[in-house]
Amino acid sequence: MIAPKYAEVIVEVKSASVDRPFHYEVPALLADRVHVGTRVLVPFGPRRVEGYIVGFSETTDAPDKTKPLAEVLDDEPPLTPDLVKLAGWLSERYLCTKAAAVQALLPSGMRAKATTFLRIKTDPPDVYLPGSWESELLQELYQSPNKTKEQLVSEHTEWRPLIRAWVEKGFLEELHGVKHGIQAKTMAFLFTPLTSADLQTALDELSNRAKKQKELLSYLFDAGEALMMKDVFAVTGASSATLKPLLDKGYVVKEEREVNRDPYGIQHAEKSQPLPLTPTQENAYQTIKTAVDSGAPQTILLQGVTGSGKTEVYLQAIASCVEQDRQAIMLVPEIALTPQMVEQFKKRFGDEVAVLHSRLSTGEKYDEWRRIRHGEVNIVVGARSAIFAPFDSLGLMIIDEEHETSYKQDDHPKYLAREVAMYRARQHRATVVLGSATPALETRWWAHQGIVQRIEMPERVRGQKLPKVRVIDMRDELQSGNRSMFANALKQGIEERLERGEQVILFLNRRGFATFVLCRSCGYVARCRDCEIPLTYHKARGLESLRCHYCGFAERLPETCPDCKGDHVRHFGTGTQRVEEELGKVFPEAKVIRMDVDTTSGKDAHATLLSRFRKGEAQILLGTQMIAKGLDFPKVTLVGVISAETSLYLPDFRAAERTFQLLTQVAGRAGRHELPGEVIVQTYNPQHYAIQFAKHQEYEKFFDHEVRHRYTLNNPPFFELTAFTSVNEDEMKALHIARTLEDRLRRSLDGRDDVIILGTSPAPLARLQGKYRFNVVLKYKKFKGVSAPIREAYQSLQGEAQKLGGYLTIDVNAQMIL
DNA sequence: AGCACGCCGACT
DNA sequence: GTCGGCGTGCTC
C-alpha cells in the first residue's frame, strides 16, 4: 500500500470550534502503524494533544501549516472504522463534539497524556539573584529532575515564559513522553526452579522447625507452574516471612507478570444447559433467530409479563447467534441490582462472556474491554455503555427492561441506548430485541405502526398467580380520622407480618424533588391549564406560589380547594427519612432497613443492605424505586406503596407511564414463592387510570388510554422533545441565556407546524448546588428538519453562557426534564 | 479547551 | 517607565 500523505485527526479538545479534522503529515516511519481509529499524539498550537485518526487524504487545504504526527499511541487501533462512524453519528444526533463522542465510546481512563521533561543542556551563563524566578527555576530543575514541565507550570504559572525563553536559547531541552491512563495490571507470581532431585535436597536442608517453608515449597513444586503469590499465601497460610528465606536461597523465584483483572473471580461453576422451551418461548426464540439469520436490520419488541421466561429466550437466541460467529450484547438496567442475570450468563457461557458496568474499577473496565476488542469473548453483559462494545460482527443486541430510565445517559452526550442499538443494527445488519413487561410508550407505538415486530409472552412459565393488589383510598382514611401516613389496612398488614415472622417491603416512590399540591379531602391536584402537568410548589419571600415547569405559567397557592372548597390543600414531598421516623413510632419493635441515595452511596452498599434484609436482620425494607428490581425475597409477603401520588404527580408528562410501570413491576414481583403475596397501594386518586390498569396488570388498556392522551398534548411518540438547560449562579444571567435561546429558536423555526417551542421556564430542579436553572423545551416531529437550527442556536449560545460564567446543556430526545 | 498575543491600571 | 490583569483569536 502506498502511504497516504495526510492523516485526518480529531483532537481531544472539548470545544466546538476545533471539532473538525486537522491534517497531519504521516512520517514514513509511522506509515504502517496508522489506521482509521488509531490514537495519536499531535502537535496542536504550542502543545501536544491526543487525537484519533478518522481518515486519510492526499491533499489538504492548509499545506503550509501541516506538521507531522508526533506519536502513535497503540499498535492496535482502539476504534474500528465502524466505531469511528458511530462516534460521528453520536455527535450529530446528540450535539456533542466528536471528541466527546469518542470518549463515551471508549472505557473511561483509556486516555494518554503528553508529558514533557526538561533537561538542562547548558547552564545559563548569568548568575541570578537569590529569590529571582531564574534562580528558583534552576534550583527546582536540579532538585526534582523528574518533574514534568506540566507539573512545574501548574505549580508556578509565572515560570512559563522563562521556560520557553530558555528552551529557545538552548539552555533547556524538551524531552517528550507519553503517560498512559491505564497500565496493564501486574501481579507477583511465584514458582520454583528446582528439579525433583533438587527439591529433596532442599527440603532436607531446611530446618525441621521450618514447617511452613517446606509446605510452601512442596506446594509450589506440585503445582508445576507459576502461581499468584496472594493465592499461594491464602492456600498455604504462608506469609512474606515464610517466603523470604526461600527466595534468598533461590528455591523460589518471584516475578511480576501481567494479568487480566477478573472482577468476578475465577468461575468453576458447571455450565448450565439450555432449558426446554414452552411453546410461547419457542415462538419468541424462533422469531428472533429468524431475524438474526436474515441478515437485515430489525427491531423486535418482546413483550412478556414478569416470570414469562424471557431470560431463557435471550440465552438461547444469543447461543444461536454466537454459533454463527456473530457477537451479542445484552444490556441490563442496573447491573449491581441484577447479579442473577450476570450469574445466569456466566453459567451458560462461561469465559465467553465479558461483563461491563460502572462499578468496575477503571482497570477492570479496561481489561474487559480489551478482551472484547481482541475477540476473546463473543458476548457482553452490561449496563448502558456496554452498547458500545467494540465487536466487529454484531448479530444481536438485547435490551432488557427497555423502558427503564437508566438507558438514557445523564451526562454528555446524553444518548439513549435503544437508539444507539438501532444505529449499530443498521451498520451490522443485526437484530435489536427490546424486552419488557411494560414497554416504553414509544416502543409499543412503533410496534402498532409496524416499524417494530411485536412478540407477546402473556403467561408465566410456571403459571403462578399474580398477587392481589389492593388500592386504598387515603381520602376515606382521612375522613374516618386516620391522619397518619399509613392506612389502617397497611398498618394491620404490617402487624400481621411482624407477628408471623414474615417480611415487608415499603416503597416510597419519590425522586427527591418537585413538591406538588394536593387536596387531602378530595384528591384534587393543581395542574397547568395548558400542559396538564402538575404545578410545583414554590415559596419565596414568604409568598407561596404554584408554577409550571414546562411553560412557565404561575399562580398563587389557593387557600381552599378549587374543587371541594375544603381547606385540606397541602404540598407533598415526603422523604424516606420521615417515613422511617413514623415507622419507628408505630412499630417500635420492628427493625427497618432504609435504602435510598443517602444509604447506598458506597461501592457495595446495595448488595450489603439487600443481603442483610434477605438474612432476616430486619423485618421491614423501606426504599425508593431502586429496591423494586431486587424484589425477590421468599419471606416477603407484603409490599406497600406509601403514596402512588409521588410518582403520579411529578412535573413530567411521563409520570403516568412511570407510575404504571412501577406498580406493575411491584405487583409482578411480589409473592413469587410459596407464601402468597399481597400488595397495598395507598393513594388519594384510586380512580386514576395508571393505578386502575396497573392493579389488574392491563398494559394494553393502559397503552390505549395513554397514547390518546399523548396525541392530544403533542407529546412523544408523536413529537420528540429536546430540552436546553441554562445554568448560572446569577439568576438573571441564566434567564438571559435561556430567553435569548428561545428567541433565536423562534426566529429560525417560526411558522412551522411540526415544531412547538415551550418557552423559558424554571427547571424542576430550579436551583441546584446554588445555581439557577432555566429550561427551554422544543418539540418537533422529525429531528432531521430541526437539527441544523438547533445546532446553530445551541453552539452560539453555549459560548455566550460560558462568557457569563455559566453553561448551557442540551438533551436531545429528553426522557425527563430536570 | 489551552495558550499566546495584545492592550490598560498599580507599582518593583 | 514595567508588571501583570484578562479580552480575543488560533490551533493542521
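Let me start with one residue, Arg612 of chain A: setting aside neighbours up to four places away in sequence, Arg612 is in contact with Ile593, Glu617 and Ala618. This is a predicted model, so please hear every value today as computed from it.

Staying with Arg612, the residue sits in helix α19, which covers residues 605-614. Its relative accessibility is 33%, so Arg612 counts as partly exposed. Of the contacts I listed, Ile593 is 19 residues away along the chain, and the C-alpha atoms of Arg612 and Ile593 are 8.6 Å apart.

Now the chain as a whole. Chain A contains 25 helices and 33 strands. The C-alpha trace spans about 90 × 75 × 65 Å along its principal axes. The radius of gyration is 31 Å, and for 818 residues a compact globule would be near 28 Å, so the two agree. Buried residues account for 55% of the 818. If we take contacts in chain A with a separation of 6 or more, 75% of them are between residues 24 or more positions apart.

On the surface, chain A exposes about 37800 Å², and 49% of that comes from carbon and sulfur atoms. As for charge, there are 108 positive and 107 negative side chains, with the centres of the two sets 3 Å apart.

Next, the cysteines. UniProt, in an unreviewed entry, has a "binding site" annotation on Cys519, Cys522, Cys561 and Cys564. Those four span 46 residues in sequence, yet no two of their C-alpha atoms are more than 8.7 Å apart, so they gather at one spot.

Two members of that set are worth a closer look. Cys522 is in the loop between β21 and β22. Beyond its sequence neighbours within four places, Cys522 contacts Arg475, Cys561, Asp563 and Cys564. Cys561 belongs to the loop between β24 and β25, the latter being residues 569-572. With 0% relative accessibility, Cys561 counts as buried. Its contacts, again leaving out neighbours within four places, are Cys519, Cys522, Tyr524, Gly566 and Val569.

There is another cysteine annotation. For "binding site", the unreviewed UniProt entry also lists Cys528, Cys531, Cys548 and Cys551. Which residues does Cys528 touch, apart from those up to four places away in sequence? They are Ile533, Leu535, Cys548, Cys551 and Phe553, and two of these, Cys548 and Cys551, are in the annotated list.

Where is Cys528 along the chain? It lies in the loop between β21, residues 516-519, and β22, residues 536-540. Cys551 is in the loop between β23, residues 543-547, and β24, residues 554-556.

Is Cys528 buried or exposed? The relative accessibility of Cys528 is 2%, and the cut-off for buried is under 20%, so Cys528 is buried. Cys551 has a relative accessible area of 26%, so Cys551 is partly exposed.

Last, a residue from an earlier part of the sequence. Gln213 is in helix α7, residues 211-223. At 14% relative accessibility, Gln213 counts as buried. Leaving aside neighbours within four places, Gln213 is in contact with Leu206, Thr242, Pro245 and Leu246.

To recap the cysteines: Cys528 is buried at 2%, Cys561 is buried at 0%, and Cys551 is partly exposed at 26%. That is what I have for today.

Technical notes:
Residues are numbered from 1 along each chain as its sequence is written. Chains are lettered from A and ligands numbered from 1 in the order in which they are written. This is a predicted model: local features need pLDDT of at least 70, side-chain atom pairs count only at pLDDT 80 or more; totals for chains, interfaces and linings use all residues. Side-chain values use heavy atoms; hydrogens and water are left out. Helices (H or I, at least four residues) and strands (E, at least two) are DSSP runs, numbered from the N terminus. The radius of gyration is taken over C-alpha atoms; the globule rule is 2.2 Å times the number of residues to the power 0.38. Buried means under 20% relative accessible area, exposed over 50%, partly exposed in between (1.4 Å probe, protein chains only). Contact means heavy atoms within 4.5 Å. Accessible areas come from the Shrake-Rupley method with a 1.4 Å probe; for residues, only the protein chains shown count as cover. Lys and Arg count as positive and Asp and Glu as negative; His and the chain ends are not counted. The place of a charge is taken as NZ of Lys, CZ of Arg, CG of Asp or CD of Glu. UniProt positions are given in the numbering used here, feature names are shortened, and annotations may be inferred rather than shown by experiment.
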